[in-house]
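Reader: Hello! I'd like a close look at a single part, the nonpolar core, and at how the rest is arranged around it. Could you take me through it in one go?

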Amino acid sequence: MPERSKTNAKGILVEAGAACAEFQDAMLTNLSCRRLQCDEIWSSCYAKEKNVPVGKKGTFGFGSIWTWTAIDANTKLIASWMVGSRDSYAASEFIKDLASRLRHRVQLTTDGHKPYLEAVEEAFGRNIDYAMLIKIYGTAETDEKRCSPAECTGTKIQPVVGNPDLKHISTSYVER
């Protein structure tokens, strides 16, 4: 592809992203969600982490990239989403954005990713019913080319704050 076409395509994607963010900020406010599920979805950009050139390692947009999502368990609305790294800073920004869009107290379920703990406390304080659904995995395959995670052999429910309803602690919608 000629260099000019790459530049135009990049510009169109940047404009589309800005338009989507503007739409999200205008329309996804004062949401009446009651039960939310959050998770991060991995993908790679440019190349998988092990194939990123040395000069590009550690630069956002090269290697692993994560899409953070919050889905309403009743309506399946994506109440908030964010593309970023999978660290405490990204968790905090994502959960603060989610909290700013909600009308009232919600029940939230996340996986066992530890950065959620501080992010949820920072954004909601005690004004939330929050639990983690921690997955227990079997022995991972040793094949270096394995792309999918090891088999999930069980789960552990960990209430964190408030009074989450045990029958609604799930991340099954957001993981589909």
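Author: Gladly, and one yardstick comes first: a residue is buried under 20% relative accessible area, exposed over 50%, and partly exposed in between, using a 1.4 Å probe and protein chains only. By that rule Cys152 is partly exposed, because its relative accessible area is 35%. Cys20, at 43%, counts as partly exposed too. The structure has zero disulfides (two cysteine sulfur atoms within 2.5 Å).

This is a predicted model, in which local features need pLDDT of at least 70 and side-chain atom pairs pLDDT 80 or more, while totals for chains, interfaces and linings use all residues. Residues are numbered from 1 along each chain as its sequence is written, and side-chain values use heavy atoms, leaving out hydrogens and water.

Now to the framework. Helices (H or I, at least four residues) and strands (E, at least two) are DSSP runs numbered from the N terminus. Six strands form an open sheet with mixed pairing, in the order E3-E2-E1-E4-E5-E6; two strands pair if DSSP finds at least two bridges between them. At the edges are E3 (78-84) and E6 (152-161), each pairing on one side only. Inside the sheet, E1 (residues 35-45) and E4 (residues 107-110) are joined in the parallel sense by three bridges, and Gln37 has Thr109 in E4 as its bridge partner.

Two helices lie across these strands. Helix H2 (residues 88-100) covers E1, E2 (63-72), E3 and E4, running at about 155 degrees to E3. Helix H3 (residues 115-124) lies across E1, E2, E4, E5 (129-137) and E6, at about 175 degrees to E5. Such angles, from 0 to 180 degrees, are taken between N-to-C directions of lines fitted to C-alpha atoms, for helices over the stretch in contact.

That brings us to your core. A nonpolar core is a set of buried Ala, Val, Leu, Ile, Met, Phe, Trp, Tyr and Cys residues joined through side-chain atoms within 4.5 Å. The largest one has 26 residues, and Ile95 and Leu98 have the most contacts inside it. E1, E2, H2, H3 and E5 each supply at least two of its residues, and the largest share, six residues, comes from H2. With contact meaning heavy atoms within 4.5 Å, and residues up to four places away in sequence not counted, Leu98 touches Leu36, Cys38, Ala70, Ala79, Ser80 and Leu108.

The aromatic rings deserve their own stop. Rings of Phe, Tyr and Trp (its six-membered ring) pair when their centres lie within 6.5 Å; planes under 30 degrees apart are stacked, over 60 edge-to-face, and the rest tilted. The count comes to three aromatic pairs. Trp68 and Phe94 form a tilted pair, because their centres are 5.7 Å apart and their planes at 40 degrees. This pair connects Trp68 in E2 with Phe94 in H2, 26 residues apart, and both residues are buried. Trp68 and Tyr116 are edge-to-face, because their planes stand at 75 degrees, with centres 5.5 Å apart. Here the link runs from Trp68 in E2 to Tyr116 in H3, 48 residues apart. Trp68 is buried because its relative accessible area is 0%, and Tyr116 is likewise buried at 0%. Through these ring pairs, Trp68, Phe94 and Tyr116 become a cluster.
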